[in-house]
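Colleague: Got a minute to walk me through this one? I'd like to start with a lysine and then look at the sheet.

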Amino acid sequence: MLYNSTRNNSLSVTSAEAIKMGLSPDGGLFVPESFPSVSEDELKSLINMSYSQRAALILGKYLTDFTEDEVLYCVNNAYSKDKWASDDITPVKKLNDDAFFLELWHGMTCAFKDVALQILPHLLTTSVKKTNDSRTAVILVATSGDTGKAALEGFKDVKGTKIAVFYPSDGVSDIQKLQMTTQDGSNVTVSGIKGNFDDAQTAVKRIFTNDGMKELLSENNMMFSSANSINWGRLAPQIVYYFSAYCDMVKTGDIAFGDKINFVVPTGNFGDILAGYYAFKMGLPVNRLICASNKNNVLTDFINTGIYNKNREFYTTSSPSMDILISSNLERFLYDISEGDDAKIKGFMESLSRGGKYEIDDKMKSEMRKILYGGFCDDDATKAEIKSVFNENGYTMDTHTAVGKNVYDKYRNETGDNTKTVILSTASPFKFSSTVVSAIKGENAVMGKDGFELLDMLSDISGLKIPKSLNELKNKKVKFGGTVDKTEIDGFVKESLI
Ligand SMILES: *Cc1c(COP(=O)(O)O)cnc(C)c1O
């Protein structure tokens, strides 16, 4: 299996090369040249497998230049049970006869990013080794909150790697910030950045393609790579849990083998939902993929109109990991629905960076709407959703998951579709305790409470145990309290990593 750039079909590289580079030199994203299929028999065989075995089978179809042992090494390191608070890794929980939650947050940073970022460092170091490269991989991460911590945990003390994480200083929760600024590890650095996530992401992307920086790194036997979901090694592992959820539901008898299901995906950078689309392309019986956004509803508008327009107000919301106006992975989706028209994609992306917008043609629009539905909700609706699901079902959702649930209800009302639906639960409610407690108990309940008191309160209310890694933050020292301007990122990287 080879990989093309979304902006240049004549570029074709192995998966090891794609993972090592992160982003294609032309600014495009690496995509598989075709989708490997999972046959009915294979899908059946997945049902009785462990998560690691499922991952090895799915990933093996894409990492064809890896040996079987290399794939197993990566998978077993990432999904060993001691690293996860659930033996199933990504368990499915039933809300009612029609709706289910796929809990993706039982890893050590309590958000779904762990599923991919526990394996990416192994995929990356294996890729570097396989391609006879001795360089140190320097990972730059722009985070809207959860990726940063998950990447730091994944890469800390991994030989042959260094990592720098940038987060928007006013765009993450207290707990998210503490998780990053207290990070251990000899090869890590963290900084706040003035501006929002898009500023951070744009600045990091700029460094990647900056020739001066690239030269400086190569003089030091280093190279850049990426842990953002633009990296194929980050995206591919996310395909696995779509298959896994399906198999678990067949196993419990909630669906019959062959039944189609829907997935609702709380969306920011479009990575998670794209992985669901890839699972669909590989043959997973999927009816619709429902793209749920918060008040930053650029994707809802795009799905409804075919016009992507980022020229709009940016809102800081209670679901910060979805506060994004430029969804990078949409480029991979567009590439696919345009049947791999690299020139067209290049045109869209040029017009996005020039004027902040583009419009796809009617054929692409209709392709898109066959599979995608888009909806959004604001912070008030998010809170109301948390409260009503808690009161009616006794299930405690985080803010991102609540956006998903709200859009699911809208989708059902609008379409009448009662296909069984899996809502991806992307973060632990403890990561957003303040909003979750105030949603359930009212604003007054959280007034004057610090992050740790809120963890205790949420534990009392929900009956859930506080995740160990969050409780331990209490005793940790802040090591990385600084903030830089987006124009200073280059300097910061030079000083702290090279
Ligand atoms: C990252 C994240 C999302 C959005 O996922 P994308 O792949 O960026 O679309 C949603 N919820 C949570 C909790 C996240 O951390």
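Modeller: Here is a short chat about one lysine, the cores and the sheet.

Modeller: This is a predicted model, where local features need pLDDT of at least 70, side-chain atom pairs count only at pLDDT 80 or more, and totals for chains, interfaces and linings use all residues. Residues are numbered from 1 along each chain as its sequence is written, and side-chain values use heavy atoms, with hydrogens and water left out.

Colleague: Okay, is Lys365 buried or exposed?

Modeller: Lys365 is buried, at a relative accessible area of 11%; buried means under 20%, with a 1.4 Å probe and protein chains only. Lys365 sits in helix α16, residues 362-371 (helices are DSSP runs of H or I, at least four residues; strands are E, at least two).

Colleague: What does Lys365 touch?

Modeller: Leaving out residues up to four places away in sequence, Lys365 touches Thr305, Gly306, Glu359 and Ile360. Contact means heavy atoms within 4.5 Å.

Colleague: New topic: which strands form the open sheet?

Modeller: Six of them, in the order β4-β5-β15-β10-β11-β14, with mixed pairing. Two strands pair if DSSP finds at least two bridges between them. At the edges are β4 (92-94) and β14 (372-376), each pairing on one side only.

Colleague: And how many bridges join β10 to β15?

Modeller: Three, and the two strands run parallel. Phe263 stands opposite Val422 in β15.

Colleague: What about Phe333, which residues does Phe333 touch?

Modeller: Phe270, Leu274, Tyr277, Met368, Ile371 and Leu372, again not counting residues up to four places away in sequence.

Definitions and conventions:
Buried < 20%, exposed > 50% of the residue type's maximum accessible area, 1.4 Å probe, protein only.
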